[in-house]
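Trainee: I should like to understand how the terms in a structural description are justified. May I put some questions to you once the structure is shown?

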Amino acid sequence: MRSGDLGMTRRDVLKLGAAGMAAAGLGPLGCSRGDSKDQVAVSRPEELQKLDASDQYNLVNYTLNLHLFDTLVEMDESGKYVPSLAEAWETSPDGLAWTFKLRKGVKFHNGDRFTSKSVKFTLERMKDRKLARSNFWTELDTVDTPDDSTAIVRTLKPVGPMLANLITPTAMYSEKQAEKDGPTFYEKLIGTGPYKFVEWKKSEKFVMDLFPDHWRQPLPKIKQITYRPIMEDSTRMSDLRTGALAMADTVPPDQVKVLQGDDKLQVLRVMAWDQLYLGLKCDQSPFDKVEGRQALNYAIDRQGIVDKIMEGGRPASAIVPQGMIGYADNLKPYAYDPEKAKSLLAAAGWKGGKLRFIAPQGWYPKIKEVTEAIASQFKAVGMDTDLTVMEGAAFTKARGAGEYNIYITGGASWDPDTMLDQRVRNDIFKSGYKNQKVFDLILEGRTTVDQAKRGEIYKAAQDILYVEGPMAWLFQMEAIYGMKKSLKGFIAYPFKVWDLRKAEIV
Amino acid sequence: MVAYVLRRLLLSVLVLFGVSVVVFSLIHFAPGDPARLLLPDGALEEDVAFVRKALGLDQPLYVQYKVFITHALQGDLGQSLYYKQPALGIILEHLPATIELTFAALVFSLLVAVPMGILSAVRRDTVWDYLGMGLATIGQATPVYWLGLMLILFFAVQLRWMPASGRGGVEYLILPAITLGAPLMALVTRLVRSGMLDLLGEDYIRTARAKGVAEWGVVLRHALRNIMIPLVTVVGLQFGALLGGAVITETVFAWPGVGRLVVDAITARDYPLVQAATLLVSGYFVLINLVLDVLYVYLDPRVRYS
């Protein structure tokens, strides 16, 4: 081929190249470290969806609603119920009426007054079964409003978890605004909280500004909070490291060291009220026998998984996690004893074969590694499993239909009733486990309003479940947050909701 | 010409109808139940059944499809189960970001690939050629996902030249556009190089040289023009791949486009949103290809549609 006279071409190309470099070299294109005292951006791998607080159960909505709305009561970091819009409350002797004394002079973002009528509107609306949270309020009868600052919540049966039902998700709405704006009134996100809604660009950002007329003084220090849903872990960590984020939720365990190596960042680890467990099909061999279920419990090296795979968390023993009402401190996690597991398995009459073990893809960190380790521990004691890590929706379907011998799931909540009533008494995942004594105790706990008494009832139920239960508790998970060292006053609750209302950048 | 465009537009409607049937079947045959996913993990069966009925998901599939298509023909693509807002509005909110990203990626890949391909051909077997082909091989062999993460780590975390993710000014667009455009860039570089090598041996090129046209004139005016037809064809075909790649790129860069939206919607079995998004994105693809077909006429005067 002729080389030709390419002087011009070369010059052209050089020019082009130079232009390209100039474009690339525009340098730091306005990416500041974002170190403002007034504004912070935060992220977790979760997208906001429905804005109606009464119609969803997503952690991100709870978290943002905590800033936009107030609830009658709140739960503090130690798990204690504290006043918020209700200054005081008492229960009638029969447990059917809860009287809340409401705070006076509370205003909604649009200027409406918060009164007992707001409570009546918000709670009675929950009876609409189309709302995702209505199942927490099936026993609600009416809300009486003798005066503006008294609300009496009447129920058909005594409701043990009443206060739990009233926290984070039960955001108080303005009845006047709802009347004015019609069925989609909630899209305006008008609450009484210390922050007010500014804008929501779907999949991009959710912005809220300080509401200076909030009743709680002193007001929060941070003037503007921007929430960004960043699903990809590595990207979220990068944004934290560049300073674009003040806080990133859900730090992957293997990133903790990287963040700790950065002198501008810190890592906060909180034991969450979220424990992984194995659910067992109790009407099929070998889990139809108590010995079979115990064999499985002894076959798992919980400490090994916590130390080597999760690099955090702690082995679990029962359905109620440490710190929650009803926690049974007498129950210790099952020891790792493969020999005992083998003999129990023989006692259960296990003849061998493959057990169907299902797990949801992406719901929990390292779910694949954890289930593979467990499956190999089962194999070591003679329990062969066919492990399938499946897409979440398919998993939900299989689990709900009882198409498993073993499934793995976590359970995040802030009251023992949620998990016990759904997963044991109502057996929604069709484990086939039956013990009337346990069911009666759960129902008793659900209908007892004295919280101390409730705790004792749940402990009694767990004593039985520990020995023969349909669930093998694995470990309590940690919630790991990465944040700027300059961020102070950040609160992380054990129920995986965080709070910037007392936070500041120093 | 006008008749041709009209006919093509009518055909597009048929294509979109086909797409709607396929997507409807696929998403409904995938295991999973939106009603169950809408409620908390552990909701009672009776509550799930209630929601299923309220959403009309208890109807036979053909009835659901009939409802969907009847509404769709009236411009109503249904209500997203998760957002509880019209699906069309949600997609239109996300579509500009995807159009912006795919176009930036296209422009980036062509701006790099065409000069590089020409240079590699004209300077065959020199260091320029090796450089061009090396880049093309890397671009083609590198997974988009990995490339995105590496660009973030290098340019955002190490150098701090650009933000790691999000959408805003031009600086937010650069890394995602490079990531998404890299495979197309590689493909076009090789296409231009090999096409150019063939053409430079043609008689008419020799004629042009013989009559004293400067070499850059030969390359840019005579040869390049003939590369345009295969180039436009490939770009049209690859635009689908670009839209597919956008799903990954948008996830890596937290880019608020349709790709990410669809993935989330599929995970949540948000049927109306998945259907509406697929229809609109397919429409976008069909439209781009129509525009490119019309472009042929201007690139090659011999092409006539009648």
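Mentor: The questions below take up the helices of chain B, its contact with chain A, and then chain A.

This is a predicted model, in which local features need pLDDT of at least 70, side-chain atom pairs count only at pLDDT 80 or more, and totals for chains, interfaces and linings use all residues. Residues are numbered from 1 along each chain as its sequence is written, while chains are lettered from A and ligands numbered from 1 in the order in which they are written.

Trainee: What makes up the secondary structure of chain B?

Mentor: Chain B has 12 helices and zero strands. Helices (H or I, at least four residues) and strands (E, at least two) are DSSP runs, numbered from the N terminus. The C-alpha trace of chain B spans about 85 × 55 × 30 Å along its principal axes.

Trainee: How many residues of chain B are in contact with chain A, and what does contact require?

Mentor: Two residues are in contact if their C-beta atoms, placed from the backbone, lie within 7 Å. By that criterion, 56 residues of chain B are in contact with 47 residues of chain A. Helix α5(B) gives the most to this side of chain B, with six residues. The side of chain B that touches chain A divides into 34 nonpolar, eight polar and 14 charged residues. Here Ala, Val, Leu, Ile, Met, Phe, Trp, Tyr, Cys and Pro count as nonpolar, Asp, Glu, Lys and Arg as charged, and the others, Gly among them, as polar.

Trainee: Why is α5(B) called oblique to α6(B)?

Mentor: Their axes come within 8 Å and cross at roughly 135°. Axes are lines fitted to C-alpha atoms, for helices over the stretch in contact, and angles run from 0 to 180 degrees between N-to-C directions. Angles under 35 degrees count as roughly parallel, over 145 as roughly antiparallel, 65 to 115 as roughly perpendicular and the rest as oblique. The crossing angle belongs to the rest, and α5(B) is therefore oblique to α6(B).

Trainee: Which hand does the crossing of α5(B) and α6(B) have?

Mentor: The crossing is left-handed; the term applies if the near helix is turned anticlockwise from the far one by less than a right angle, and right-handed if clockwise. From α5(B) the contact takes B:M116, B:G117, B:L119 and B:S120, and from α6(B) B:W128, B:D129, B:G132, B:M133 and B:L135. By class, these are five nonpolar, three polar and one charged residues.

Trainee: Why do β4 and β6 of chain A count as edge strands?

Mentor: The open sheet of chain A has four strands in the order β4-β5-β7-β6, with antiparallel pairing. Each of β4 (86-91) and β6 (140-147) has a single partner strand, so one side of each is left without a neighbour in the sheet. Neighbouring strands are turned by 20° against each other on average, direction ignored.

Trainee: How do you know that β6(A) and β7(A) pair?

Mentor: Two strands pair if DSSP finds at least two bridges between them. β6(A) and β7(A) have five bridges in the antiparallel sense, and therefore satisfy that definition. Among the bridge partners, A:D147 is matched with A:T150 and A:L140 with A:T155. A hairpin of two residues joins β6(A) to β7(A).
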